[in-house]
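Hello,

Here is the structure I promised to pass on. Have a look at it first, and then read on for what turned up.

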Amino acid sequence: MLTSLKQIIQEVSQTPGLDNSLTTLVSMVKTTMQVDACSVYLSDYSKRCLILRATDGLDPNAVGKVKIGFNEGLIGLVGDIGEPVNIEDAPRHPRFKHFPEVKEDNYHAFIGTPIIYQRKVYGVITIQQKKARRFSEDDEAFLITLAAQIALEIVNTQLHGEANPNLPENNQIAKKVNGIPGSPGLAMGIGFAVNFKNDLKQLITRKCDDPNTQISLYRNAVELTRTQVAELSADLSEKLPEDVRAIFQLYHQLLDANSLGREVEKEIHLGWDAASSLKFVVERYASRFENMDDPYMRERAVDIVDLSNRILNNILQTSAGKEEPINTNESCILVAQEVSAPMLAEFSRERLAGIISIQGSNNSHAAILARAMGVPAVMGLQSISINLLKKAQLFIDGYSGEVVINFDAQQREQYQRLIDEEEALYRKISEQGDQASVTQDGQKISLLVNAGLTASIEMEQFTHGEGIGLYRTEIPFMMRDRFPSEREQSELYKSVLREHPTKEITMRTLDVGGDKPLSYFPINEENPFLGWRGIRLTLDHPDIFLMQVRAMLRASIGLSNLHILLPMISNVEEVDEAKRLIKQAFLEVKEEALSEQKMLSKPAVGIMLEVPAVIFQLPQLAQRVDFFSVGTNDLTQYLLAVDRNNARVSSLYSSYYPSVLAALHQIFQSAQAHKVPVTVCGELAGEPLGAVILMAMGYRKLSMNAHSLRKINWVIRNTNIGEIEAQLPSILNQESPDDVKALVDKYLESKGLGGLVRAGA
């Protein structure tokens, strides 16, 4: 059965067009399972029904015409309960509904399985038998496994599928996809792809009704590729061994008209454009090579794809002519496989409305810089092709991670209204942005900034900020191709400490690993978030730790504003060892300072509270450190066992879960009992709802990205501590994040802060 399953999935994935692939699917399933009928129904949520899209056994004339309501018949039952329904004699079932168009009067045995992706029912696949019988457990298991595998194929085909040839390319049906929120805000603009390379795997297939033009286009692209390969082969012929030169012979053979050409032109005559036809043929070829027993021949699949991508680029460049620049007056959404800091630095800030990164997380360079710049960003949009984004109308929601691709005039007007409302709100906030962070009942709240790439700029965004609550020292490490020297580090830290000598500057020691790798110090682990990262790495490399701490201390000579923060602490032994090394570094630098007749102050030493285990060691840890800093991002991730950078489970990641809030409340109570100052430096502190909840718990020091400082300052000045403290028991007793948000939303509305509900939660 496993072999049959693989064959079905492979054949379906290589069949062009959704309807064609579904037809292939039902035919192969019917044959494999030896049943009388197999059918697929796909969900249409706009019409609240399931539509028959393919069948082998029922009346083919019913395809596309039969629409079954979500609550109708056995098909609706499968979709409704979201699990298989296996019935010996379907017509006798109370939920059975007769649809004369499908002509299933003679069928009795029935099994239907939902096609589910990320908790959403995308359709139902059924098999039927004329003879009354109950399908076996093996049959049911096979169908469940098949449905689980084809779900992603169907989603991707619907998302990336053939464009409507009757509509212009920039006017396709609007599609919504979800990624990871990278930087808050709303933006609309034209997708602008940077460093984009065409790839058959990512190509969106398209129909075309002009085969002669497409055949000419393909042949010209092949001739151009033949010339390029010949030149490359000639340039390298004397430098390559015989077996490698043989690869170029394979290239020449494939470029022959009797190889790829004949099959590609056959696909063109079936109504596909040249690029799509090439994709279909090449994927079939590659599949054949990958399934060969000879390892050498299996490797040739890579060569076939490489050559075909060369042909593809020549097809697309020829068909498009010179790439048309996007209108310089339009706002752009920067799109790339992985947006980097240099890309952002080079891109015109006036035109940059937002950022989409196919790869990356909310802690990547791009996300951190985007937040500092106040540019909305969505990361980790891995289920989508850049082809679908470039030159398309895009709307991005940096709060939820949603991206809308292409939309009509009415939707555009709606999105523009949301953007205008947000801009009006921020203008209002900015007008009062330099007032002190004091609540309506006179409580002072200290606001600090999370800084990294541009600390001086970030500090300037809010003059009443009391310093840097988290300086990410790993970012300078990540921007180099080697470990920075002690002198380089010291100069960098000195510029930050001396620019703000009266404000506390909390520098976190090197925190790499997990989703923050160093290219020159690779760490390959199966589960990096639970692996060698943060303090674990630097304690294993005391040379790196000592060099960094000495650099911090040297930079602080003559000052008294340095605080050192230790990341990823999980036990007291790590704190003891780190403090021993800090003491060693202090004594070394103190000698230098004395020789220069300068003062070296002892830095305050604190720890990040982000590993759940430390919650139960706070009394012991309180005896060892000067302050606590709560990292709500990782703490939430570890408490919920949810990878916050994984788009598949990103909907489960929320710091508003009552369990997470209970942990935060417990931390504050313990810190207060042991008289240890505590700051929150995670993303929760920079969200209006989160800031209100934290203040209700008693937190009075909040550190956040620079763009959120004025917004949270405005929330503080319009909040009454006594009122929100009275609501804390109700907040902690809620059952879900949505319940928590609804309760705090209501309070914000009552204080005239309703505009921040969307812009901050």
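Before the details, one term: two residues are in contact when they have heavy atoms within 4.5 Å of each other. Please also keep in mind that this is a predicted model.

Let me start with the helix that I looked at in some detail, α25, which covers residues 721–732. Its 12 residues should span 16 Å at 1.5 Å a residue, and the end C-alpha atoms are indeed 16 Å apart, so the two values agree. Which residues of α25 are buried? They are I721, I724, L728 and I731. Viewed down the helix axis, the buried residues of α25 fall within an arc of 80°, which means that they line one face. That fits the general pattern: an α-helix has 3.6 residues a turn, so residues three or four places apart point the same way. The partners for the buried residues of α25 are α22 (658–673), α23 (688–697) and α26 (737–750). At the N-terminal end of α25, N720 acts as the cap, with a side-chain oxygen 2.9 Å from the backbone nitrogen of G722.

Now for the chain as a whole. The protein chain has 761 residues, and 54% of them are buried. It holds 27 helices and 22 strands. Among contacts with a separation of 6 or more, 66% are between residues 24 or more positions apart. The chain exposes about 33900 Å², with carbon and sulfur atoms supplying 48% of that area.

The largest nonpolar core contains 106 residues, and the members that touch the most others are L566, F628, L664, Y699 and L702. Helix α19 (residues 572–595) gives this core its largest share, nine residues. Apart from this core lies another of 31 residues, including C38, L42, Y122 and L146. As for F628, its contacts beyond four places in sequence include I607, L618, A671 and V678.

One last residue that you may like to look at is Q489, in helix α16 (residues 486–499). Is Q489 buried or exposed? Its relative accessible area is 3%, under the 20% cut-off, so Q489 counts as buried. A polar atom of the Q489 side chain lies 3.2 Å from the backbone oxygen of P484. Leaving out neighbours within four places in sequence, Q489 is in contact with F477, P484, M547, Q548 and A551.

Best wishes

Technical notes: Residues numbered from 1 in each chain as written. Predicted model: local features only at pLDDT ≥ 70, side-chain atom pairs only at ≥ 80, totals over all residues. Heavy atoms only, no water. Core = buried A, V, L, I, M, F, W, Y, C linked by side-chain atoms within 4.5 Å. Buried < 20%, exposed > 50% of the residue type's maximum accessible area, 1.4 Å probe, protein only. Helix = DSSP H or I, 4+ residues; strand = E, 2+ residues; numbered from the N terminus. Areas by Shrake-Rupley, 256 points an atom, 1.4 Å probe, with all protein chains shown as cover. Expected span 1.5 Å × (residues − 1). Arc of directions from axis to C-beta. Polar contact = N/O pair within 3.5 Å; in protein donor to acceptor, adjacent residues only side chain to side chain.
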